Amino acid sequence: MQNYRKNIGLRRHILIVDDELVNREILGNLLSRDYVVHFAENGREALDILQKREHIYSLLLLDLLMPVMNGFETLEIMKSDSRLRSIPVIVMTSEKDAEVQSIKMGAADFIAKPFDLPEVILARCERIIQLQEDKSLIHAAAKDNLTGLYTKDFFTEYIKQLESYDPNRPIDVMVLNIDHFHLINELYGREQGDLVLTCIADSLTRILSKVQGIGCRSEADYFYVYCDHGTDFDEIFHSLLEGLNDKLPASHVRLRMGVYCDVDNSLAPEDWLDRAKTACDRIRGDYSRYIEFYSKEFYEKSKYQEKLINDIDGAIAARDLIVFYQPKYAIQGDHPVLRSAEALIRWKHPELGMISPGDFIPLFESNGLIQKLDRYVWNEAARQVGEWKKTFGVSVPVSVNVSRMDIYDPKLREEFRTLLKENDLEFHELMLEITESAYADNADQLVNVVEDLRSDGFLIEMDDFGSGYSSLNMLTTIPIDALKMDMKFIRNMQKDEKSMKLVELVLDIAKFLQVPVIAEGVETAEQMQLLKTRGCDIVQGYYFSRPVPPEEFSRFIAG
């Protein structure tokens, strides 16, 4: 550690607090060769300086007799402040009686006035600083037993000390992770997993010795690095892969890296590492990228998403989530006839205004919160269908989304049955939309769930048909009641003959299966007429109406 400090030319910071200019000049001249020296004329000024940047100071030289706030008062305040009490204080006084009291109040040492032996002052300053730093580092616990790298606690404490020497030095931090590390342990045994970790640690140690950096291992398969700004992380990444391939040619280990460049020095080191880790975790499962860089835009998006996650429960309780309804019209007769509607969620946030579903639905799908959202929509839709029945005396079925997470819930059928009973609805009045991505995740589970729901009497719509590779395979195994054509087919069908042929193919498949086709995203009369001519049964889109709140939807029912 001493070598690293020396190599990068770091100097500790000392604050001299004395109301006498001559004393400040004497000590400043004496200490400025080895330290970065700062000055204050009294205790109040010193505390103001410390409150702003307490983490950079390695030592306080404190006079006792000063105006405004004396040394004893300053010691008392520092002793009661958790951030300031760790800064060692050497008291400067000519009063022997004050020495004992100062030590009892938390001073680490004292220097007698007048100053006569410069080498004694220098030695005492160095000793007190070293003792405090050693105490902090030892307390943090130094090395990881398996890899020999620093532990995260030690690593973080070390960074704080390095930053106190030169808090404005441009720095980068990096987090490295092994994708699906638990599978290595499960498939090949813990010994092989440990070997992967030690190989990475050895390569990292070798690389960091060349780029002026330090590293640690944390949380089983996470590695953290602190180094000078401008480090070539792409080169580090490929050097690590080469090291793994040399020692473990058959391991097939996939690494990913998150980097926070030129860190914000006003933040704590823990925040730097969290940001780099956020970037690293962002590309989990993304095999097209291996490095993600944290940026201001990234940070703002992360904060925005975190707010949405934190606010979802409050939004449900306050009913800030509003269910809109988009009508579906049967178009094969002389005039379009309202057949049903789709429930679509909107979020009217009290601070952020209307939030696009594209902002929160994929986010909640990725973290499991989509189940809360789905259940809210199910309840609102079922209640609304019941209200329309009472008001207009007619049934307007509404389709709701059943996400991948819902499929795994063993209480799904019971929940839907209870919902229908509470709102006096028939099974066909709440239609269930399932996407083919759920089939790709767990085909057997989806088939079983769909068969059980259909046996109860629910109608199943296959949403976004044609958007993925598994669509046709699904149709051979899952009984469905309607196909919803992916809207990109509708957008493109007038642009080229191939797209039109695909639309006709979907219509032919549905005719063979004897189920209706619902075309989403229909916006023009030309699109509607083309679909009608080719046998499409139901149309949904802006041609008839955008999604609207329930009070506006009533006009479609009233006719």
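# Sheets, pockets and a cavity

Guide: Five strands form an open sheet with parallel pairing, in the order β2-β1-β3-β4-β5. Bear in mind that this is a predicted model.

Visitor: Which strands sit at the edges of that one?

Guide: β2 (36-40) and β5 do. Each of them pairs on one side only.

Visitor: How much twist is there from one strand to the next?

Guide: The average is 20°.

Visitor: Zoom in on β1 and β2. How many bridges join them?

Guide: Five bridges, with β1 (residues 13-17) and β2 running parallel. For a landmark, look at L15, which stands opposite H38 in β2.

Visitor: Next topic, the other sheet. What is the strand order in the open sheet with mixed pairing?

Guide: The order is β7-β8-β6-β9-β10, so to speak from edge to edge. This sheet has five strands.

Visitor: Why is one side of β7 and of β10 left without a neighbour in the sheet?

Guide: Because β7 (213-218) and β10 (291-294) stand at the edges, each with a single partner strand. The twist in this sheet averages 20° from one strand to the next.

Visitor: In what sense do β6 and β8 pair?

Guide: Antiparallel, over seven bridges. The strands are β6 (residues 171-178) and β8 (residues 222-228). One bridge to find on screen: I171 has D228 in β8 as its partner.

Visitor: Which helix packs on that sheet?

Guide: Helix α9 (residues 190-211). It touches β6, β7, β8 and β9 (255-260). The direction of α9 makes about 0° with that of β8.

Visitor: OK, pockets. How much space lies in the largest one?

Guide: About 1100 Å³. The lining of that pocket has 40 residues.

Visitor: Which of them are closest to the centre?

Guide: E342, L344, I361, N401 and D463.

Visitor: And by class, what is the lining made of?

Guide: The largest pocket has 17 nonpolar, eleven polar and twelve charged lining residues.

Visitor: Same for the runner-up, please. What space lies in the second largest pocket?

Guide: About 640 Å³. Of its 25 lining residues, E54, H55, K160, Q161 and S164 are the closest to the centre.

Visitor: Which elements give two or more residues to that lining?

Guide: β3 (57-63), α6 (118-140), α7 (152-165) and α11 (269-282). Of the elements, α7 gives the most, with five residues.

Visitor: What about the classes there?

Guide: The second largest pocket is lined by eight nonpolar, ten polar and seven charged residues.

Visitor: Now closed space. How many cavities of 30 Å³ or more does the count give?

Guide: One. The largest cavity has a volume of about 40 Å³.

Visitor: What lines the largest cavity?

Guide: I434, V450, I460, E461, M462, M474, I478 and I480. By class, that makes seven nonpolar, no polar and one charged.

Visitor: Which strand gives the largest share?

Guide: Strand β16 (residues 460-465), with three residues.

Visitor: Backbone oddities next. Where is there a cis peptide bond?

Guide: Between K113 and P114, with omega at about -5°. P114 lies in the loop between β5 (109-112) and α6. For context, most peptide bonds are trans.

Visitor: Which non-glycine residue has a positive phi?

Guide: V68, at about 65°. V68 is in the loop between β3 and α4 (71-80). In general, most residues other than glycine have a negative phi.

Visitor: Step back to the whole chain. How many helices and strands?

Guide: The protein chain has 23 helices and 19 strands.

Visitor: What radius of gyration does the chain have?

Guide: The protein chain has 34 Å. A compact globule of 559 residues would have a value near 24 Å.

Visitor: And what box do the C-alpha atoms fill?

Guide: Roughly 110 × 60 × 45 Å, taken along the principal axes.

Key:
Residues numbered from 1 in each chain as written. Predicted model: local features only at pLDDT ≥ 70, side-chain atom pairs only at ≥ 80, totals over all residues. Heavy atoms only, no water. 1 Å grid on protein atoms, 1.4 Å probe; cavity = no way out; pocket = protein on both sides within 12 Å on 5 of 7 lines; lining within 4 Å. Points joined across faces, edges and corners; volume = space filled by probe spheres on them. Nonpolar A, V, L, I, M, F, W, Y, C, P; charged D, E, K, R; others polar. Helix = DSSP H or I, 4+ residues; strand = E, 2+ residues; numbered from the N terminus. Pairing = 2+ DSSP bridges. Axes fitted to C-alpha atoms, helices over the stretch in contact; angles between N-to-C directions. Contact = heavy atoms within 4.5 Å. Rg over C-alpha atoms; globule rule 2.2 N^0.38 Å.
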